[in-house]
Amino acid sequence: MDTKDQLICIYRTLNRTFGPLHWWPGDTPFEVAVGAILTQNTNWANVEKSIARIKARGALDPFILFALDDADLQELIRPSGYYRVKARRLKAFLSVLCEGFRGDLAAMLSGDLLESRRRLLDIPGIGEETADSILLYAGGRPVFVVDAYTRRILDRHGMLRERRSYGDVQRLFMDVLPADADLYNQYHALFVETGKKFCRKKPQCGRCPLREMPGGIFPGTPGIREVTGRQPCSSGKKCSKRGSRKNATRSS
Ligand code: SF4
């Protein structure tokens with residue numbers, strides 16, 4: 001099974017298990033972008049508290065948020081942790097958005113994808129995962145988000161090998177899957193769901209939907225190859241009777 005088949009097989013298996021996950025939470029693209037910055041190094045529940053405080057203040061608007069003084073902004077986002085650092089990052093992002101694009105986030109995230117990405121990466125404190133989350137979830141741009149869960153799952157199934165950088169892992173997906181924002185959105189959400197429920201620091205392979213994937217050889221979970229001598233699924237002929245590979249990978 002080559003990399004493409006493995007990635008398709010993982011997607012099909014997880015998608016069958018979890019169904020459409022409708023990521024990312026947020027009423028507007030701007031809320032999604034703010035959430036992507038606030039979620040660095042904290043859990044989502046804390047981000048929700050901060051966003052609720054911003055909304056209660058009537059400040060979930062690029063210009064209003066940008067106009068807040070630093071102490072005010074820090075206080076609003078305090079539940080997200082690292083609030084001084086995150087306030088600086090948010091202000092830097094808002095500076096580009098308000099002064100460079102008149103508060104028009106769609107314009108900021110549109111145009112050439114590499115240029116849009118570079119624009120975000122040039123903002124202090126915005127790294128690749130945050131930039132790609134904003135592009136994908138707020139901008140609907142087809143860019144794959146790589147997070148710690150993605151790395152852990154692929155690594156445990158022997159798929160990372162020498163691929164260690166963010167870009168290496170991202171290319172693994174973007175080189176073989178269609179450039180489809182809906183597919184990338186759902187695939188990332190499926191990894192997060194699997195990571196939170198099963199692929200924790202101590203893996204729960206026995207209950208995990210990927211337990212029969214090659215490489216998932218943890219105690220009590222022989223890969224299906226060891227049991228039956230065949231692959232758990234392939235990209236077209238054996239995995240599913242439900243249709244073509246193209247249909248399967250776009251079924252979210
Ligand atoms: S089978 Fe085990 S190693 Fe593989 S994703 Fe599930 S929990 Fe992680």
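Let's start with a term: a crossing is right-handed if the near helix is turned clockwise from the far one by less than a right angle, and left-handed if anticlockwise. Helices here are DSSP runs of H or I, at least four residues, numbered from the N terminus.

Okay, ground rules. This is a predicted model, where local features need pLDDT of at least 70 and side-chain atom pairs count only at pLDDT 80 or more, while totals for chains, interfaces and linings use all residues. Residues are numbered from 1 along each chain as its sequence is written.

So, first pair: helix 8, residues 113–121, passes helix 9, residues 128–138, in a right-handed crossing. Their axes, lines fitted to C-alpha atoms over the stretch in contact, sit 9 Å apart at an angle of about 130°. That makes helix 8 oblique to helix 9 (angles under 35 degrees are roughly parallel, over 145 roughly antiparallel, 65 to 115 roughly perpendicular, and the rest oblique).

Who touches whom? On helix 8 we've got Ser116, Arg117, Leu120 and Leu121, and they meet Glu128, Ala131, Ile134 and Leu135 of helix 9; contact means C-beta atoms, placed from the backbone, within 7 Å.

Now over to helix 10, residues 148–156, where Thr150, Ile153 and Leu154 are buried, with 20 or more other C-beta atoms within 10 Å of their own. Looking down the axis of helix 10, those residues fall within an arc of 95°, so they line one face; the arc uses directions from the axis to the C-beta atoms. They pack against helix 11 and helix 12. And just after helix 10, Gly158 has a positive phi of about 70°.

Note on methods:
Axes are lines fitted to C-alpha atoms, for helices over the stretch in contact, and angles run from 0 to 180 degrees between N-to-C directions. Helices (H or I, at least four residues) and strands (E, at least two) are DSSP runs, numbered from the N terminus. Two residues are in contact if their C-beta atoms, placed from the backbone, lie within 7 Å. A residue is buried if 20 or more other C-beta atoms lie within 10 Å of its own, exposed if 12 or fewer, and partly exposed in between; C-beta atoms are placed from the backbone.
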